[in-house]
Amino acid sequence: MRPVLTTRIVCGFCTQTFVEDQGQPACQSCPLSSGCHYIRCPNCGYENPVAPKWVTRLTRWIVSDEPD
Ligand SMILES: [Zn+2]
């Protein structure tokens with residue numbers, strides 16, 4: 001088994017949790033896809049905005065904040 005780093009996304013519409021890999025890029029045929037950060041929920045098709053990496057890092061830092 002190799003460690004797989006997956007980003008979990010909670011759909012803003014149906015609140016279903018899915019792994020980023022399971023989501024479909026919202027604009028596969030869009031020429032601006034490289035600058036568009038939306039990922040489609042496999043359950044309902046809602047296009048969820050994907051948080052930038054620094055937001056994920058910040059969230060992780062807040063969540064893992066433990067008292068000394
Ligand atoms: Zn959904």
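A residue is called buried here if 20 or more other C-beta atoms lie within 10 Å of its own, exposed if 12 or fewer do, and partly exposed in between, with the C-beta atoms placed from the backbone. What you're looking at is a predicted model, where local features need pLDDT of at least 70, side-chain atom pairs count only at pLDDT 80 or more, and totals for chains, interfaces and linings use all residues. Residues are numbered from 1 along each chain as its sequence is written.

**View 1. The whole protein, before zooming in.** There is 1 helix here, along with 5 strands (DSSP runs numbered from the N terminus, where a helix is H or I with at least four residues and a strand is E with at least two). Going along the sequence, the order reads β-β-β-β-β-α. Of the 68 residues, 7% count as buried. Take contacts next: two residues are in contact if their C-beta atoms, placed from the backbone, lie within 7 Å. Among contacts between residues at least 6 apart in sequence, 33% join residues at least 24 apart.

**View 2. How confident the predictor is, element by element.** The score is pLDDT, the predictor's confidence in each residue, from 0 to 100. Its mean over the protein is 74, with 51% of residues at 70 or more. Among the elements, strand S2 (residues 17–19) has the highest mean pLDDT, 87, while strand S3 (residues 24–25) has the lowest, 66. A word of caution: where pLDDT is low, the predicted coordinates should not be read in detail.

**View 3. Cys-11, a buried residue in a loop.** Cys-11 sits in the loop between S1 and S2. It counts as buried because 20 other C-beta atoms lie within 10 Å. Skipping neighbours within four places in sequence, Cys-11 is in contact with Gln-16, Phe-18, Cys-41, Asn-43, Cys-44, Tyr-46 and Asn-48. Look for Arg-40 too: it is 29 residues from Cys-11 in sequence, with 8.6 Å between the C-alpha atoms.

**View 4. Phe-18 on strand S2.** Phe-18 has 20 C-beta neighbours inside 10 Å, so it counts as buried. Its contacts, leaving out neighbours within four places in sequence, are Ile-9, Cys-11, Gly-23, Cys-41 and Pro-42. Phe-18 and Thr-7 are 11 residues apart in sequence, and their C-alpha atoms are 8.6 Å apart.

**View 5. Cys-14 and its partners from further along the chain.** Cys-14 is in the loop between S1 and S2. This residue is partly exposed, because 13 other C-beta atoms lie within 10 Å. Setting aside residues up to four places away in sequence, Cys-14 touches Cys-41, Asn-43, Cys-44 and Tyr-46. For Cys-14 and Cys-44, 30 residues apart along the chain, the C-alpha separation is 6.9 Å.

**View 6. Thr-15 and its positive phi.** Thr-15 belongs to the loop between strand S1 (8–10) and S2. Its phi is near 60 degrees, a positive value in a residue other than glycine. Is Thr-15 buried or exposed? Thr-15 has 10 C-beta neighbours inside 10 Å, so it counts as exposed.

**View 7. Tyr-46, in the loop between S4 and S5.** The flanking strands are S4 (38–40) and S5 (47–49). Tyr-46 is partly exposed, because it has 15 C-beta neighbours inside 10 Å. Beyond its neighbours within four places in sequence, Tyr-46 is in contact with Cys-11, Gly-12, Phe-13, Cys-14 and Cys-41. Gly-12 is 34 residues from Tyr-46 in sequence, yet the two C-alpha atoms are 7.7 Å apart.
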